[in-house]
Amino acid sequence: MNFNDTEIVASIMKNSGWEIVATPEEATAVLLNTCSVRENAESRVIRRLKQYNHKFKKLNKRYIIGIIGCMAERFNQHLVDLENSVNVVIGPDEYRRMPALLDQALSGNKAVAVELSTVETYDDIIPLRTEGISAWLSIMRGCNNFCSYCVVPYTRGRERSRPMQSLIEETRQLFHKGFREVTLLGQNVNSYKDEETGSTFDILISKIAEISPLLRIRFTTSHPRDMNDNLIQTIAQYPNICKHIHLPVQSGSNRILKKMNRRYTVEHYLSIIDKIKSTIPNSAITTDIIAGYPSETEEDHQQTLELLKQVRFSGAFMFKYSPREGTRAFDEPDDVPEETKIRRLNEIINLQNSISKELNQLEKGRVLEVLVEAPSKKKQQEWMGRSSSNKVVIFPNPQGIYKTGDYVDVLIKKSTSATLFGEVVEKK
Ligand code: SF4
């Protein structure tokens with residue numbers, strides 16, 4: 001979402017006469033778009049701030065440093081008080097005011113704008129995208145779920161959906177400009193609702209899929225509580241809706257899920273997985289896991305490992321719990337010792353990696369449709385693309401026959417836990 005927000009910000013700035021330059025050395029102002037989900041992300045921003053202060057501001061007192069996004073919302077005026085180098089602090093719903101706030105900073109006054117909105121979706125702003133075949137498209141902003149560990153409802157405000165017609169129109173334009181893949185973004189895309197027509201996410205995604213069979217549609221993130229049969233059927237029905245569902249489970253223990261305020265049980269989660277697997281064969285399901293949530297026992301942890309074995313996810317984002325001030329979980333004692341958190345996280349990662357490896361081995365001998373992206377990083381004669389199930393596929397392309405945006409059928413010959421390797425058997 002921050003990538004897409006950065007494109008929106010770039011568009012707003014460009015329309016008011018600012019220019020984007022290639023390096024911070026050439027800039028009048030540098031804006032850091034920030035994430036507050038984990039402590040580590042915030043610490044990196046603070047380190048970067050100090051670097052910019054040292055490298056640029058000390059040499060040029062008029063150099064503007066701005067913090068935008070979730071950290072701006074969370075720290076607000078404190079950022080300016082704590083870090084003297086910061087000139088502007090702009091929250092995620094205040095980007096329209098950015099040019100005026102930067103002018104204020106240029107005239108020597110610090111500027112802070114962090115009002116959250118119940119309606120802002122930036123639906124009339126065409127993001128300034130870099131060339132390519134894949135585009136991000138925010139279909140909604142904010143979240144109403146208040147999971148106990150999460151800062152998002154506090155930094156991005158209440159949930160609101162962007163009008164369906166403007167999303168369809170923007171996607172149509174993207175396709176005509178040569179984009180071949182759009183990823184529909186929201187904290188909880190399953191609760192999308194178009195105010196005007198009452199259309200839900202399954203309707204939106206089907207209308208976007210109908211723009212062209214050559215356009216692939218991806219989406220993230222789904223909340224298990226709101227995943228429904230209509231959406232599963234719609235994904236199965238349209239070949240160009242990618243067969244990859246990211247469904248964060250977070251824990252395999254009902255006790256911990258309750259404390260997390262996730263509002264589903266392991267049994268409910270497994271029933272959705274069964275429906276997905278029976279309705280969309282060969283689909284890939286990925287997830288998020290938090291290790292070492294407050295009060296997590298060894299038994300809770302074992303239940304998470306059991307869940308991983310039962311579902312056999314294609315992949316997972318796995319992290320140890322990081323307390324975030326202002327959330328409900330922050331008031332609970334962070335009582336799982338650091339070394340236990342690390343050990344549990346490692347057990348989760350090792351198990352998941354072996355499952356990913358086994359699942360990728362099953363792809364050997366299969367033919368997968370791949371959207372060609374770019375030369376592979378390791379060998380010049382090889383290119384990479386992705387399957388509908390979001391697996392990275394590497395294949396030879398010595399004469400450069402296959403171009404970015406082509407669809408090719410690749411026969412898979414070998415695999416690792418993260419990558420598939422094969423040969424093109426047909427160009428479409
Ligand atoms: S669904 Fe929960 S974890 Fe996801 S953004 Fe909303 S509050 Fe955070």
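**Group meeting talk: a walk through the model**

Okay, let's start with two strands: strand 14, residues 382–387, and strand 15, residues 392–396, pair up antiparallel over 5 bridges. Keep in mind as we go that this is a predicted model. If you want a spot to zoom in on, find Met384, which sits opposite Ile394 in strand 15.

So where do those strands belong? They're part of a barrel: 5 strands close up in the order 13-14-15-17-16, with mixed pairing. On average, neighbouring strands in this sheet are turned by 55° against each other, if you ignore direction.

Let's keep walking around the barrel. Strand 15 also pairs with strand 17, residues 419–427, and here the sense is parallel, over 3 bridges. Ile394 turns up again in this pairing, opposite Phe421 in strand 17. Then comes strand 16, residues 407–415, which pairs with strand 17 in the antiparallel sense over 7 bridges. Strands 16 and 17 make a hairpin, with 3 residues between them. Look for Ser415 there, standing opposite Leu420 in strand 17. And one general thing to remember when you look at side chains: in a regular strand they alternate between the two faces of the sheet.

Next, another sheet. This one is open, with 3 strands in the order 10-11-12, and the pairing is parallel. Strand 10, residues 244–246, and strand 12 each have a single partner strand, so they're the edges, and one side of each has no neighbour in the sheet. The twist averages 15° from one strand to the next. Strand 11, residues 284–291, is joined to strand 12 by 6 bridges. One pair to look at is Thr286 with its bridge partner Gly315 in strand 12.

Right beside that we meet Ser314, in the loop between helix 12 (298–311) and strand 12 (315–320). Is Ser314 buried or exposed? It counts as buried, because it has 21 C-beta neighbours inside 10 Å, and the cut-off for buried is 20 or more. Leaving out residues up to four places away in sequence, Ser314 touches Ala284, Ile285, Thr286, Ser356, Leu359 and Ser389. For a sense of scale, the C-alpha atoms of Ser314 and Gly69 are 31 Å apart, and the two residues are 245 residues apart along the chain.

Now the ligand. Which residues are around it? They're Cys143, Asn145, Phe146, Cys147, Cys150, Val152, Pro153, Gln187, Asn188 and His223. By class, that shell has 6 nonpolar and 4 polar residues, and no charged ones.

Let's stay with Phe146 for a second. It lies in the loop between strand 6 (140–141) and helix 6 (152–156), and it has a positive phi of about 50° even though it isn't a glycine. Phe146 is partly exposed, with 13 other C-beta atoms within 10 Å.

Asn76 is another non-glycine with a positive phi, about 55° this time. You'll find Asn76 in the loop between helix 3 (70–75) and helix 4 (77–82). It counts as partly exposed because it has 15 C-beta neighbours inside 10 Å.

One more backbone detail: the peptide bond between Thr220 and Thr221 is cis, with omega about 5°. Thr221 lies in the loop between strand 9 (216–220) and helix 9 (229–237).

Last stop, helix 1, residues 2–15. Its 14 residues reach 20 Å from first C-alpha to last, close to the 20 Å expected at 1.5 Å a residue. Just after helix 1, Gly17 takes a positive phi of about 95°.

Terms used
Residues are numbered from 1 along each chain as its sequence is written. This is a predicted model: local features need pLDDT of at least 70, side-chain atom pairs count only at pLDDT 80 or more; totals for chains, interfaces and linings use all residues. A residue is near a molecule or strand if its C-beta atom, placed from the backbone, lies within 6 Å of it. Ala, Val, Leu, Ile, Met, Phe, Trp, Tyr, Cys and Pro count as nonpolar, Asp, Glu, Lys and Arg as charged, and the others, Gly among them, as polar. Helices (H or I, at least four residues) and strands (E, at least two) are DSSP runs, numbered from the N terminus. A residue is buried if 20 or more other C-beta atoms lie within 10 Å of its own, exposed if 12 or fewer, and partly exposed in between; C-beta atoms are placed from the backbone. Two residues are in contact if their C-beta atoms, placed from the backbone, lie within 7 Å. Two strands pair if DSSP finds at least two bridges between them. Axes are lines fitted to C-alpha atoms, for helices over the stretch in contact, and angles run from 0 to 180 degrees between N-to-C directions. The expected span of a helix is 1.5 Å times one less than its number of residues.
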